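Me: Could you teach me how to read a few features of a protein model? I would like the general idea, then the case at hand.

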Amino acid sequence: MDMRVLLISALLGFVSHVRAKTDSNACISANAKTCGECIQTGPQCVWCKDPDFKPSRCDEKESLQKAGCTPLGIENPRGTVTIDKNKPVTNRKNDGGENRRPEEFIQIQPQKFTLNLRSDEPQKFTLMFKRAEDYPIDLYFLMDLSDSMRTNLENVKNLGADLAKEMRYITKDLRIGFGSFLEKLVMPFILTTPKYLENPCFPNDCTAPFSYKNVLSLTNNSTLFTKEVSQQKTSGNLDSPEAGFDAIMQAAVCTKEIGWRNVTRLLVFSTDAGFHFAGDGKLGGIDYPTISQLVDTLSDNNIQTIFAVTEQFRALYEELSALIPKSTVGTLSTSSTNVIQLIIDSYNSLSAEVILENTRLPAGVSISYISHCKNGVSRKGESGRTCSNISIGDEVKFDIEITAKGCPSNGKSETIKIKPLGFNEEVEIVLNFICECECHKDGIPNSPSCHFGNGTLECGVCRCNDGRLGRLCECSQNEVKTDDLDANCRIGNQTEVCSNNGECVCGTCECKKRDNPVERYSGKFCECDNFSCDRSNNKLCGGHGRCECGQCICDANYTGSACDCPLDTSTCLASNKQICNGRGTCECGVCKCTDSKFEGPTCEMCPTCPRICNEHKDCVECLQFGTGIKKRTCEKECKNFAPLNVVKNKDDLPQSNDQTNIDLCKERDADDCWFFFTYATKNEDKIEVHVADKKECPSGPDIIPIVAGVVAGIVLIGLALLLIWKLLMIIHDRREFAKFEKEKMNARWDTGENPIYKSAVTTVVNPKYEGK
């Protein structure tokens, strides 16, 4: 268990080391020439400004410190977040509920930040939103006054007083206004004859057609609202869709004329028809707003829209509402009798949701949101901008993260704003971009260290003046063209300058430096290195050579692309002191068996071979005893045998020892006798054999006991069979006797009567006889 823990710890350490090296390489591979370029490579990259620092100046902080950079020489500016304005949100319970001006209500906190952004280093901050109690409302009622809305107009006349009464529980500061719209005064939307223009509803009484009217600017005088609306009349046009978009656009942008305040702005759009949009006005030589223009205008002016429409057009306006943030659709009942309840329900629905929106971001800047809403619900992505079901007094929070890539806007400060849709409040965020190091300010112009004053000594390196090149600004662009310089740094017709491993300075390649000081690029075109050779056992050149220009130069007694092939053959010696048992070759210290039957480290194993003794027995038998299947071909087939060494008995045969491996064999000859011999491979061609002259032949069998035993066995088997037969017969007879006794007991004549006896007396009865 301890060993597993140690292995896991070692593996984690190795992964961390590799990750650190990878990040460090990212800093070095950027080949940054200045401190500013270095810190824009990534948040992990820092710069060493020490004058005499030789390794790569752009690297990780730990690597630079190990390389000898002093603590004061390290430049590592970091991003920051500063809160500039932080007024608390409005709390009506704490302030006694006194009347406040609209601009005194605060629902979002803080109100201003300053962010110093470094490339790829995110900066985070949190916004809190709290829906204030008694928040002022401006409500503008924009109504379609086509003649089909005549009965609806009658019910809207008392809207001001009734609405103020119903909404007193929501806010005490309600202002209401009224506007109307019809259609553009051109054909084919309006009949342009004088008679029609005077009364388009003839013979009924109508007002002259119009496009849009601001009947009453926003006011808290409900009596005036009733008076002005009561004086309105409907009008008429030729087609069903109306110019509602035109009216919405004018009501939204005419802030002064309508009287919009920086409070909650509600626009109630009431109609029983569809709408014209861009493209519909071509026949009249005019045009209508696009939907995107409508969306942007309402959003820019913080207007929340309530579409109060008839059931017939509800689906159409729901599709439109889906494109407009902070908008909703309500269904008008007949004659608009439910308009007040519709407005209250729609307002509650809109105000219960907060959606954060930011202005356009500078190029290279990104923003992300995480919302923390009621009941512990958190959301990310686009949903992170929104919290729903917010009641008055509820607090929700948004975690916001802003990240810059590189140095946007050429380092100039930018300002963005974040605001909750439908509210007048906004958060101002000033973005400052960290494009240079602090040491940039301390640069020495025309420094003698930069080749006779041809550059500024800045952060330990030369920033060359225009027209100068080189590490010390020693080259002039006027003397040598840039194209010629690059051509001198390419190999043949290749496109890579300095093999992508260096920089061409004044026509000469200056090779990159590696984070590992032992590793280096070399060569005229930086085409060579001492670290990309083949490896063996995770060691460069197997640990038995050196790497030069991508090739391993092996030590003595080693060869191969990774110096992993030893020339020493001692590891290939078999037990018989032969290389690979004489059945293979020694390659890189390992036996390659040439005889497919043999295997193993020294080609001594033969799983499919017959026993070696059995293989040699025929030759031994024919050479020593002149018998066997090879006695006629012995001289030809057994020529690789050295002259046999004959001993008298098997006990005299030689035995194996540490110096010699000898196999003892016992085989049967043609006469069914055992003969004994030993063998050893003397060299690759001859086999040395010692054979015992005396055989061991088995004696013949004793016939009499065998015959007697066979006869006795036959007799015993016969007697056993007779006994078995006799036993079976006895059992059968007893069963038959028992069966007879049973039948005898059941027979009828056992009762004493003759079953075939008939009486000689016959009795006849007269049927007429009455016994008298």
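Reply: Happy to; here are a helix pair, a sheet and some backbone details. This is a predicted model, where local features need pLDDT of at least 70, side-chain atom pairs count only at pLDDT 80 or more, and totals for chains, interfaces and linings use all residues. Residues are numbered from 1 along each chain as its sequence is written, and side-chain values use heavy atoms, with hydrogens and water left out.

Me: At what angle do the axes of helix α5 and helix α12 cross?

Reply: Two packed helices are described by the angle and the distance between their axes. Here the axes of α5 (residues 159-166) and α12 (residues 339-351) cross at roughly 45° and come within 10 Å. That makes α5 oblique to α12 (under 35 degrees is roughly parallel, over 145 roughly antiparallel, 65 to 115 roughly perpendicular, the rest oblique). Leu 159, Asp 162, Leu 163 and Glu 166 of α5 meet Val 339, Ile 340, Ile 343 and Ile 344 of α12 in the contact (heavy atoms within 4.5 Å).

Me: Which strands stand at the edges of the open sheet?

Reply: Strands of a sheet pair through backbone hydrogen bonds, either parallel or antiparallel. This sheet of 6 strands has the order β4-β6-β20-β19-β14-β17 (a pair needs at least two DSSP bridges). β4 and β17 stand at the edges, each with a single partner strand, so one side of each lacks a neighbour in the sheet. β4 runs antiparallel to β6, joined by 5 bridges.

Me: Is Cys 459 buried or exposed?

Reply: Cys 459 is buried, at 6% relative accessibility (buried is under 20%, exposed over 50%, partly exposed in between, with a 1.4 Å probe and protein chains only). Its phi is positive, near 55°.

Technical notes
Axes are lines fitted to C-alpha atoms, for helices over the stretch in contact, and angles run from 0 to 180 degrees between N-to-C directions. Helices (H or I, at least four residues) and strands (E, at least two) are DSSP runs, numbered from the N terminus.
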